[in-house]
Amino acid sequence: MSSILFLQSVVGLIVVLYPANGNSAVAESGKAALAKSKNQSSLKKDGPPVTSEVTIDKKSGNRPPEKERKKDAPPQRMQFDDQNRVGKAKRRALVNQTEAKNRVELFRHLPQYDHGSQLPNLESKLFQLDSVHPAVFKVGLRYMAGDISGVNARCTEMLRALQEAIIDYSTPPEKVLIRELTAKISSYISFINECRPLSISMGNAIRFVKRRIAKLPLSHTDVEAKTALCSDIDRFINEKIIIADKVIVGHASTKVRDGDVLLTYGLSCVVEMILLSAHDVGKKFRVVVVDSRPKLESQALLNRLIAKGLSCTYTHINAVSYIMHEVTKVFLGASAVLSNGTVLSRVGTACIAMVAHAFSVPVLICCEAFKFHERVLLDSICCNEIGDPGALATVPGRMDINYLENWTNEENLQLLNLMYDVTPSDYVSVIVTDHGMIPPTSVPVIVREYGQEHYLI
Amino acid sequence: METEAPSMENPKISAYYQTRLAHFGVVSTEWLAQAQSATNPNPPLPSSSTNSHTDKDTNFSVIDEFNRWRNHPDLAEAVAAIRALAAVISASKASTMMQLEIELKNASDTLKAWDTTSISLTAASDLFMRYVTRTSALEFEDFNSAKARLIERADKFGEISYKARKIIGMLSQDFIFDGCTILVHGFSRVVFEVLKLAAHNKKRFRVFCTEGRPDRTGLRLSNDLAKLDVPVKLVIDSAVAYTMDEVDMVLVGADGVVESGGIINMMGTYQIALVAKSMNKPVYVAAESYKFARHYPLDQKDLAPALRPVDFGVPIPSKVEVECSARDYTPPQYLTLLFTDLGVLTPSVVSDELIQLYL
């Protein structure tokens, strides 16, 4: 029932505000939220607003149970090769993005923007975007600049920004808190999404927040509701991220034996914690840190490990098959784990896992349970993120390697800088989560058993 | 006395395997002298005065109770533990639920400490604790009725575990077809029950039985099967690959079933599973559900060591090392199906069951 009311209220928003030529970003983003989270088919007929309102009303009358289910389902991802929707999104967008010139054909369904002009563009809008709360704006800016990386950090920052936004929020008169707040949160989320596409597991955190808002009793005053929400978000961050990490470290440290050679790739905060805690306990092992261009993230990890006195070996990913025969265990982090046991992680992880499997080395994936998702991915192409292709063309510190200087002018040349890849479940030996060590076949069990509880804490 | 505190002599010598040897091993004359002092097939009830595991409050020793049950060759060690723990509840003089739970926890820890290498013992104790205490009866105001409910649940769990073998026997009958050849390894009472029931149902099959060194438990099994008029062929452990062509399926028991879906069983099981997999023969495991344990070994060395001395029949120079491990780990990809009292399961379901139980 509440979904139908919600629907009609949002529809009301559209009818009232759409003719006013797009200066209220809230309404437009509200429509964006509607577009993303409700029936796709009704929007394909989206021309004059009246038609869409009629279509949506009809659909809501007929199938409330499906609406409920659809509301539970994560929003459809926008496919960027659909010209209509891209055009609409551009008109609504708060961040001006210019499309990249040499777009890779295979990845046309993903956003590919020109990275050079994004950040200055957004910075210049600092005082112009009233609809976006300053904390959210700050987070968006940091995302775009690449300051925050890693799902845990991004999630935590985003939730903290939402917390601040909630604290500063006040319901306009004659409006109900639940719907207004949800619409506002949706608009913030779409802003953050424009700055940098959300990862799958951050969607879980956002769904949690929206569910908590929807479950607020109507009788609560503003202040009560806001304090309840803030404490819920605090509890989420604490339980699902901070404490979960400690539990994971406890489980995984039991698997480190004296004399082990552990391999790690990329910069995963959980794996770093595991290595440091095993070292603190006094186990004797050495670490092989594998890195890859263009991000070279593992160098930060290497510095921190060496500072604590671990003996490390550093190499790039092209030497993985050379060094794998010495390795006894591989510890990897994950960005998300999907229902068929596949692991979505930093690009290059799949390579490491497959080489490890060929050498019969066990692969341990360490990730918190909130990153588990009901989706199923079969390949790395459907759902991915494209980074700055210009980063591939230059090597920092080597000015003489400038063969690709004018790559944008070459018609036949496209540079592809993927951020994520997918590791099939056959190459994963065990997933260490805060619920214990589970085989990759048991991921849907965790999603099923703890999924409901997850949203009802 | 070996039965009292094996941990004091040598922590790594697995009492679990000593017991199995005592019950099922073939004792040669060379062993007899050693065996008679080390193993005692019909012990009197051991005195509890010197036993440090005595529960001080109630003068009731869970270890004594456990030993009493354990020495029936027919009873699985884990079921003996469950019965002992159930007896703890009935004999308890606690007056509040918390106190009872603490007593139970202490008893369970004592049992687990008695033999740290036995997986089924640990698993059964843990499962018992969860099964018994996860009941809404604990919210009853009246302590006595709550305690009665606990005893009822404990006895029921004991019954289920005891009957588990019969259920597994019934479930596996469909898999034994007329004219099939089954390869078995080690002496598992569950597997014997399965074969006994099949013979009783007048199925025509034959069994290849590995010798099962160093216990040579295979000899005992072949003896028992011959009494049932089942055609048995004894093969030495190295001849498994040679005979695998003629075999239709492999049937083994398990000492423990781990979270990955793999099993821990007598040394040699992994080898047989590897050969069977490479020749596309199905490997079936018959295990009761109380053997599901929350371990997750990544490789063979990840298990707690369980050693048993190997007798080669000739003196070995002291410079030569001997691999004494009594068990190995078979990863789930080599197993086809698990026959349990919960039904016929694939290896990936083990984790599902464990997660649901420990939710």
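How many residue pairs are in polar contact across the interface of chain A and chain B? In this predicted model, the rule finds seven such pairs, both partners being at pLDDT 80 or more. The close-ups below begin at that interface and then move into the chains.

**Figure 1. Where chain A touches chain B.** Here 19 residues of chain A are in contact with 16 residues of chain B. The two chains bury about 1,400 Å² between them, and 55% of that area is on carbon and sulfur atoms. The seven polar pairs belong to this interface too. Look for β10 (436-438) and α18 (443-456) of chain A, which each supply at least two residues of the side that touches chain B. Helix α18(A) provides the largest share of that side, with five residues. By type, the chain A side is made up of ten nonpolar, four polar and five charged residues.

**Figure 2. Salt bridges between the two chains.** Side chains of opposite charge can pair when their charged atoms come close. The rule finds four salt bridges across the interface of chain A and chain B. One of the pairs to look for is A:R257 with B:D302, at 2.8 Å from N to O. Both residues also belong to a network of salt bridges, together with A:K255 and B:D299.

**Figure 3. A:V447 in helix α18 of chain A.** This valine sits in the helix α18 of chain A. Is A:V447 buried or exposed? Its relative accessibility is 16%, so A:V447 counts as buried. Setting aside neighbours within four places in sequence, A:V447 is in contact with A:F372, A:H373 and A:E374. A:F359, on the other hand, is 31 Å from A:V447, C-alpha to C-alpha, with their positions 88 residues apart in sequence.

**Figure 4. The largest nonpolar core.** This core has 43 residues, and those with the most contacts inside it are A:V136, A:M158, A:L159, A:F191 and A:I192. Helices α8 (134-145), α9 (151-168), α10 (177-195), α11 (200-214) and α12 (222-253) of chain A each supply at least two residues. Which helix gives the most to this core? It is α10(A), with nine residues. For a closer look, find A:V136, which touches A:A161, A:A165, A:Y188, A:F191 and A:I192, not counting residues up to four places away in sequence. Another core of 35 residues lies apart from this one, and B:A81, B:V88, B:V132 and B:Y290 are among its members.

**Figure 5. A:D232 and its two arginine partners.** A:D232 forms a salt bridge with A:R212, and their closest N and O atoms are 3.0 Å apart. A:D232 lies in helix α12 of chain A and A:R212 in helix α11, so the pair ties together parts that are 20 residues apart in sequence. Both ends of this bridge are buried: A:D232 has a relative accessible area of 9%, and A:R212 is at 17%. A:D232 also forms a salt bridge with A:R235, at 3.3 Å between the closest N and O atoms. This second pair stays within helix α12, three residues apart, about one turn of the helix. A:R235 counts as partly exposed, at 35% relative accessibility.

**Figure 6. A salt bridge within one helix of chain B.** The side chains of B:K163 and B:E159 meet at 3.0 Å, N to O. They are four residues apart in helix α8 (residues 143-172) of chain B, which means about one helical turn separates them. B:K163 is partly exposed at 44% relative accessibility, and B:E159 is partly exposed at 35%.

Technical notes: Residues are numbered from 1 along each chain as its sequence is written. Chains are lettered from A and ligands numbered from 1 in the order in which they are written. This is a predicted model: local features need pLDDT of at least 70, side-chain atom pairs count only at pLDDT 80 or more; totals for chains, interfaces and linings use all residues. Side-chain values use heavy atoms; hydrogens and water are left out. Contact means heavy atoms within 4.5 Å. Buried area is the accessible area (1.4 Å probe) that two parts lose on being put together, summed over both. A polar contact is a pair of N or O atoms within 3.5 Å; within protein, one must be able to donate a hydrogen and the other to accept it, and residues adjacent in sequence count only if both atoms are side-chain atoms. Ala, Val, Leu, Ile, Met, Phe, Trp, Tyr, Cys and Pro count as nonpolar, Asp, Glu, Lys and Arg as charged, and the others, Gly among them, as polar. A nonpolar core is a set of buried Ala, Val, Leu, Ile, Met, Phe, Trp, Tyr and Cys residues joined through side-chain atoms within 4.5 Å. Buried means under 20% relative accessible area, exposed over 50%, partly exposed in between (1.4 Å probe, protein chains only).
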